[in-house]
Amino acid sequence: MTYVFDEKEKAAARREKSVLFWTWFAVLVAALVIIAVLVTVAVYQVEVNRNRDYTVLLGVICGFIAVTYGCYTLFFFAIKFRLTRKFVRMLKDMDRGLKDSFDAKFVCYEDNLSMKDGVYFYTMVLKTKPLRRDDIDERKLLVEHTVPKIELTEGTRLKLISHANILVAYEIIENGDITQ
């Protein structure tokens with residue numbers, strides 16, 4: 001059985017999520033320290049030196065840092081961190097969740113990307129045994145978009161493991177037989 005994601009990839013994804021979070025946290029601390037220093041300097045100038053020459057400038061700099069940090073946080077959490085967090089959650093669900101094992105015949109790939117639970121996928125179309133009489137025998141299995149396509153020809157028989165209709169593992173069966 002060939003697994004789509006090995007333990008090294010899963011550990012790397014978890015590490016990337018952690019690095020991203022702590023990077024954001026370090027930028028937060030740096031921004032707060034800079035703003036605190038600027039406010040302290042402004043208050044010191046006014047109270048001790050009776051000098052209000054730089055009060056507006058320091059206020060503008062504090063405002064600029066706060067707005068810049070707010071925009072950075074918005075884009076960071078809306079794009080990069082969210083996608084990484086969803087990917088790590090998908091990997092965790094694959095490890096812990098229920099898995100479905102079945103045999104199928106490969107038909108084709110659909111290249112258009114779709115999103116499920118915040119992760120992008122392309123589709124592998126398969127012919128399988130119907131679960132009930134007169135049931136649909138075509139199944140579309142989702143494959144994470146960064147995973148290279150498996151070199152398969154139409155009609156290749158496969159043994160597959162999936163979780164929530166996402167490919168977890170596969171094995172090419174040389175002389176397998178499934179009823180259609």
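## A tour from His163 outwards

Start by selecting histidine 163, which sits in strand E5. You are looking at a predicted model, so keep that in mind at each stop. Is histidine 163 buried or exposed? Its relative accessible area is 14%, and because buried means under 20%, histidine 163 counts as buried. Now show what surrounds it. Leaving aside neighbours within four places in sequence, histidine 163 is in contact with Asp93, Met94, Gly97, Leu98 and Val168.

**Zoom out to the whole chain**

Colour by secondary structure next. You should find 2 helices and 6 strands, and walking from the N terminus their order is β-α-α-β-β-β-β-β. Turn the model around as well: the C-alpha trace spans about 90 × 30 × 25 Å along its principal axes. The radius of gyration is 26 Å, whereas a compact globule of 180 residues would have one near 16 Å. Of the 180 residues, 32% are buried. Among contacts between residues at least 6 apart in sequence, 62% join residues at least 24 apart.

**Into the largest core**

Now select Phe5, Met90, Met124, Leu126, Leu160 and Leu167 together. These have the most contacts inside the largest nonpolar core, which has 31 residues. Helix H2 (55-96) gives two or more residues to this core, as do strands E2 (100-116), E3 (119-128), E4 (138-144), E5 (157-163) and E6 (166-173). Move away from it and you can pick out another core of 12 residues, with Trp24, Leu38, Leu58 and Phe76 among them. As a general point, nonpolar side chains in soluble globular proteins tend to be buried together.

Go back to the largest core and click on methionine 124, in strand E3. How accessible is methionine 124? Its relative accessibility is 0%, so it counts as buried. Beyond neighbours within four places in sequence, its contacts are Phe106, Cys108, Tyr109, Arg139, Lys140, Leu141, Val143, Ile150, Leu152 and Leu167. Try a distance here too: the C-alpha atoms of methionine 124 and glutamate 110 are 6.4 Å apart, although the two residues are 14 places apart along the chain.

Phenylalanine 5 is another core residue worth a click. Setting aside neighbours within four places, phenylalanine 5 touches Lys10, Phe87, Met90, Leu91, Met94, Glu144 and Val147.

**The largest pocket**

Two of those partners of phenylalanine 5, Phe87 and Glu144, lead to the next stop. Select them with Leu83, Thr84 and Thr146: of the 16 residues lining the largest pocket, these five are the closest to its centre. The pocket holds about 310 Å³ of space. Which element supplies the largest share of its lining? That is H2, with 5 residues. Helix H1 (7-47), H2 and E3 each bring at least two. By class, the lining has 8 nonpolar, 4 polar and 4 charged residues.

**The second largest pocket**

For the last stop, select Asp100, Phe102, Asp103, Thr128, Lys129, Pro130, Leu131, Asp135, Ile136, Glu138 and Arg139, which line the second largest pocket. Arg139 should look familiar, as it is also a contact of methionine 124. About 230 Å³ of space lies in this pocket. E2 and E4 each give two or more residues to the lining, and E2 gives the most, with 3. Colour the lining by class and you will see 6 charged, 4 nonpolar and 1 polar residue.

Methods
Residues are numbered from 1 along each chain as its sequence is written. This is a predicted model: local features need pLDDT of at least 70, side-chain atom pairs count only at pLDDT 80 or more; totals for chains, interfaces and linings use all residues. Side-chain values use heavy atoms; hydrogens and water are left out. A nonpolar core is a set of buried Ala, Val, Leu, Ile, Met, Phe, Trp, Tyr and Cys residues joined through side-chain atoms within 4.5 Å. Buried means under 20% relative accessible area, exposed over 50%, partly exposed in between (1.4 Å probe, protein chains only). Helices (H or I, at least four residues) and strands (E, at least two) are DSSP runs, numbered from the N terminus. Contact means heavy atoms within 4.5 Å. On a 1 Å grid over the protein atoms alone, a cavity is a set of points where a 1.4 Å probe fits but cannot get out, and a pocket is an open set with protein on both sides within 12 Å along at least five of seven lines; lining residues have an atom within 4 Å of a point. Grid points are joined across faces, edges and corners, and a volume is the space filled by probe spheres set on the points. Ala, Val, Leu, Ile, Met, Phe, Trp, Tyr, Cys and Pro count as nonpolar, Asp, Glu, Lys and Arg as charged, and the others, Gly among them, as polar. The radius of gyration is taken over C-alpha atoms; the globule rule is 2.2 Å times the number of residues to the power 0.38.
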